[in-house]
Amino acid sequence: MIGKLTYTTVFLFLSTLCFCQVEATFEPTFKASEKTTHKIPKGQEYTFGYLEVLENRKDPGSRRIQIPVYIFKSRNPNPKPDPIIYTVGGPGSTTMPSAQYMNSYKYLDDRDFILIEQRGNFYAKPHLDCPEWSMALHTINLTDYSAHEADALLAEAAKSCRERLTQKGIDLNGYNTNEIAADINDLVNVLGIQEYNLLTISYSTKIAQVLLRDYPERIRSVVMDSPLPLEVSYDEESVKNLLESVDQLLSDCESDTACNKAYPNIKSRFYNYLANKTKAPLEVIVENPAYGKAEKFHLTGADLITVFTSASTGDVANVPFEIHKLLNGDLTSVKEQLSYLFQEPGNGAGLGMRLSVWCAEENPFNSAATIASETTKYPEVEGLSPAVFDDEICKIWGVQKVSERENEAVKSDVPVLLISGEYDNETPVKWAASMRTNLSNSYHLVFKGWQHTPTTNWGNSCAMQMANDFFNTPDVKPNPECFKQIKSPVFKTE
């Protein structure tokens with residue numbers, strides 16, 4: 001007796017069919033694999049395999065690439081029929097490590113949960129790594145290079161990485177948000193999914209926007225955690241957004257009686273300190289454990305503002321205290337941060353993919369005048385470029401600019417939940433708020449005192465609960481009890 005076909009059995013059936021048919025044109029396939037990327041929690045049912053697609057859909061002769069996918073079965077014996085597809089941010093970050101923590105994901109209580117790697121990332125085949133870039137950064141951080149010398153070293157690293165990847169036959173133009181969105185659409189078709197939900201964070205919210213624009217038919221609902229709108233120019237605003245977030249946190253401290261008493265006028269004192277150190281850098285000496293000798297660092301305001309940028313949601317309440325330490329000459333935390341620079345350089349995981357995405361989709365739409373102005377505009381962090389990659393690096397990388405429509409707002413009436421952290425400087429609250437104009441069936445919820453990507457806050461799973469509630473009833477604004485309990489942070493004062 002033939003049982004009812006689900007999307008998990010359909011893809012196995014289709015994958016066997018593809019071996020006995022002569023392909024006139026390429027058709028994506030999914031092939032299950034017993035060898036996984038990570039150890040999966042005991043008792044969790046899943047299928048792991050690779051989606052095979054074209055590297056560059058604009059090139060009929062393009063080679064095939066493989067993208068790892070996990071399909072996790074719901075803990076519910078009668079799961080809802082519409083799974084959640086999840087991919088993380090970056091660009092250049094891997095989704096696959098999430099597979100180890102399925103016991104902690106609330107989504108599996110109600111439906112299946114699918115993880116897909118973005119093409120070019122660590123577990124994809126090929127992987128666009130750039131160890132040359134990591135080595136260059138390592139050298140720059142431990143050497144008293146001039147800005148010109150540092151730029152030259154990074155340019156050489158980008159050139160070397162590009163040459164190595166292209167010599168392997170990799171088409172760098174095949175790695176962008178449009179292709180990733182098409183990969184997800186292909187996966188939906190290959191698995192026979194009739195309707196699905198999207199969970200995206202940070203950069204991958206751009207993927208969600210492209211899917212809503214180009215492949216909306218089967219999308220039931222979307223959660224965008226810390227959204228990055230297609231239409232914004234990230235590079236042009238990044239320094240301004242950083243300072244606005246710092247300003248808000250320190251204003252909240254000054255509005256809090258206990259915090260203001262412990263750290264009076266902390267905002268103006270911190271800004272003056274940063275501006276002074278930009279003119280006369282702070283000298284910090286840290287012992288290099290590898291050689292047992294002292295290394296000297298000269299830190300400007302752009303370096304010292306990491307007191308804020310290095311803080312996770314769990315650390316936010318400590319930021320005024322850490323600033324107070326810095327202002328009083330206590331460099332303990334600064335030295336601890338600097339000690340990480342002595343670690344061996346990484347493998348540049350996903351860096352090539354990040355370069356391809358950024359140089360095709362963000363850099364071409366930047367105003368050079370705005371970038372130059374923002375670099376010198378703020379005395380607290382003068383010299384801090386807002387650009388993720390300089391023009392020269394993108395010229396070396398040499399990928400084609402995407403079309404103008406990739407810099408235009410997406411309109412949709414599909415239910416969308418926008419989630420923001422109040423102190424998020426990478427994808428600020430104002431960006432998510434602006435998207436509601438074009439997302440007619442959307443809700444926006446802000447987590448007070450939280451930082452970037454609230455749904456990944458393992459210390460408090462409220463945002464995850466909120467997202468799951470939305471997937472269950474996307475026509476209702478979620479308001480879980482845990483969200484009502486979230487207040488402004490209680491700042492550390494001793």
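Start by selecting Glu52, which is buried, with a relative accessible area of 12%. What you have open is a predicted model.

**Stop 1: Glu52 and Arg64**

Keep Glu52 selected and add Arg64. The two form a salt bridge, and their closest N and O atoms are 3.5 Å apart. Colour the strands next: Glu52 sits in strand E2 (residues 46-54) and Arg64 in strand E3 (residues 64-72), so the salt bridge ties together parts that are 12 residues apart in sequence. Unlike buried Glu52, Arg64 is partly exposed, at a relative accessible area of 45%.

**Stop 2: Arg213 and Glu406**

Now select Arg213 and Glu406. Here the salt bridge has its closest N and O atoms 3.0 Å apart. This pair links distant parts of the chain, 193 residues apart. Arg213 belongs to helix H5 (residues 204-214), while Glu406 is in the loop between helix H15 (391-397) and strand E10 (416-421). Show the surface around Glu406: this residue is buried, with a relative accessible area of 7%.

**Stop 3: Lys325 and Glu322**

Move to helix H11 (residues 319-327), where Lys325 and Glu322 are three residues apart, a separation of about one helical turn. Their side chains meet in a salt bridge, 3.3 Å from N to O. Which of the two counts as buried, and which as partly exposed? Lys325 counts as buried, at 14% relative accessibility. Glu322, at 23%, counts as partly exposed because the cut-off for buried is under 20%.

**Stop 4: a network**

Select Arg57, Arg119, Glu179, Asp183 and Asp186 together. These residues are linked in a network of salt bridges. Across the whole structure, a search finds 26 salt bridges.

**Stop 5: Asp110, a charge without a salt bridge**

Finish at Asp110, in the loop between strand E4 (84-87) and strand E5 (113-116). Asp110 is buried, yet has no salt bridge. How far away is the nearest side chain of opposite charge? That side chain is Lys80, at 4.1 Å. A salt bridge requires the nitrogen and the carboxyl oxygen to be within 4 Å, so Asp110 and Lys80 do not form one.

Add Asn472 to the selection. The side chain of Asp110 makes a polar contact with the side chain of Asn472, at 3.3 Å. To see the rest of the surroundings, leave aside the neighbours within four places in sequence and show the residues in contact with Asp110: Ser74, Asn76, Pro79, Lys80, Asn468 and Asn472. Lys80 is thus listed among the contacts of Asp110, although Asp110 has no salt bridge.

Terms used:
Residues numbered from 1 in each chain as written. Predicted model: local features only at pLDDT ≥ 70, side-chain atom pairs only at ≥ 80, totals over all residues. Heavy atoms only, no water. Helix = DSSP H or I, 4+ residues; strand = E, 2+ residues; numbered from the N terminus. Buried < 20%, exposed > 50% of the residue type's maximum accessible area, 1.4 Å probe, protein only. Lys, Arg positive; Asp, Glu negative; His and termini not counted. Polar contact = N/O pair within 3.5 Å; in protein donor to acceptor, adjacent residues only side chain to side chain. Contact = heavy atoms within 4.5 Å.
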